[in-house]
Amino acid sequence: MNHLKFQFFRKSGKVVRGVSITKACAEDEELDFVSRYFSPWNGIPEDPVNGSSHTNLAPLWSKLLGKVELRAKMVSKRGGELFLKGLFFFQLCFFIFFSR
């Protein structure tokens, strides 16, 4: 995913806050998934590491992988790892983010 180049698109009149690109990791890797986040419409060409995009990515990967504890990495130039733990409360899943 490091080779991706984000091209700026013309705003189509719809509100676009950002774009997350994500990919599962191989089973033998220590990570569950990697991602990148772009928000040029808001003055952020690429966010190096954030928790906000993982509020959507964590539940997605939790469901796809059948896990409530996930290890993720944002593979921007600076990069960073995130540790995600899901908590279930009245059939809702909330994730706590730990970063290093």
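The protein chain has one helix and six strands, where helices (H or I, at least four residues) and strands (E, at least two) are DSSP runs numbered from the N terminus. Read along the sequence, the order is β-β-β-α-β-β-β. Keep in mind that this is a predicted model: local features need pLDDT of at least 70, side-chain atom pairs count only at pLDDT 80 or more, and totals for chains, interfaces and linings use all residues. Residues are numbered from 1 along each chain as its sequence is written, and side-chain values use heavy atoms, with hydrogens and water left out.

Of the 100 residues in the protein chain, 31% count as buried; that label means under 20% relative accessible area, with exposed over 50% and partly exposed in between (1.4 Å probe, protein chains only). Taking contacts (heavy atoms within 4.5 Å) between residues at least 6 apart in sequence, 44% join residues at least 24 apart. The protein chain exposes about 7100 Å², and carbon and sulfur atoms supply 56% of that; accessible areas come from the Shrake-Rupley method with a 1.4 Å probe, and for residues only the protein chains shown count as cover.

**Helix 1**

Which residues of helix 1 are buried? They are H54, L57, A58, W61 and S62. These residues cover an arc of only 130 degrees around the axis, so they sit on the same side of helix 1; the arc is that of the directions from the helix axis to the C-beta atoms. On the other side of helix 1, N56, K63 and L64 are exposed.

L64 also joins L60 and L65 in a nonpolar surface patch of about 250 Å². Patches are made of residues with over 30% relative accessible area and no salt bridge, like charges being joined within 9 Å and nonpolar side chains (Val, Leu, Ile, Met, Phe, Trp, Tyr) within 5 Å. L65 is in helix 1, which covers residues 54–65, and is partly exposed at 35% relative accessible area. After helix 1 comes G66, with a positive phi near 65 degrees.

P59, also in helix 1, lies 8.1 Å from G86, C-alpha to C-alpha, although the two are 27 residues apart in sequence.

**An aromatic pair**

Searching the whole structure turns up one aromatic pair. F33 and W61 are stacked, at 5.6 Å centre to centre and 15 degrees between the planes. Rings of Phe, Tyr and Trp (its six-membered ring) pair if their centres lie within 6.5 Å; planes under 30 degrees apart count as stacked, over 60 as edge-to-face and the rest as tilted. This pair links strand 2 (residues 33–39), home of F33, to helix 1, 28 residues apart. Both F33 and W61 are buried.

**Salt bridges**

The structure holds five salt bridges, each a side-chain nitrogen of Lys or Arg within 4 Å of a carboxyl oxygen of Asp or Glu. Here are some of them:

| Pair | N to O distance |
|---|---|
| K67 and D32 | 2.5 Å |
| R36 and E46 | 2.8 Å |
| E69 and K85 | 3.5 Å |

K67 is in the loop between helix 1 and strand 4 (69–74) and D32 in the loop between strand 1 (19–24) and strand 2, so their bridge ties together parts 35 residues apart in sequence. D32 is buried at 11% relative accessibility, while K67 is partly exposed at 34%.

R36 is buried at 7% relative accessibility, and E46 is partly exposed at 24%. As for E69 and K85, E69 is partly exposed at 48% relative accessible area, and K85 is partly exposed at 37%. Finally, E30, R71 and E81 are linked in a network of salt bridges.
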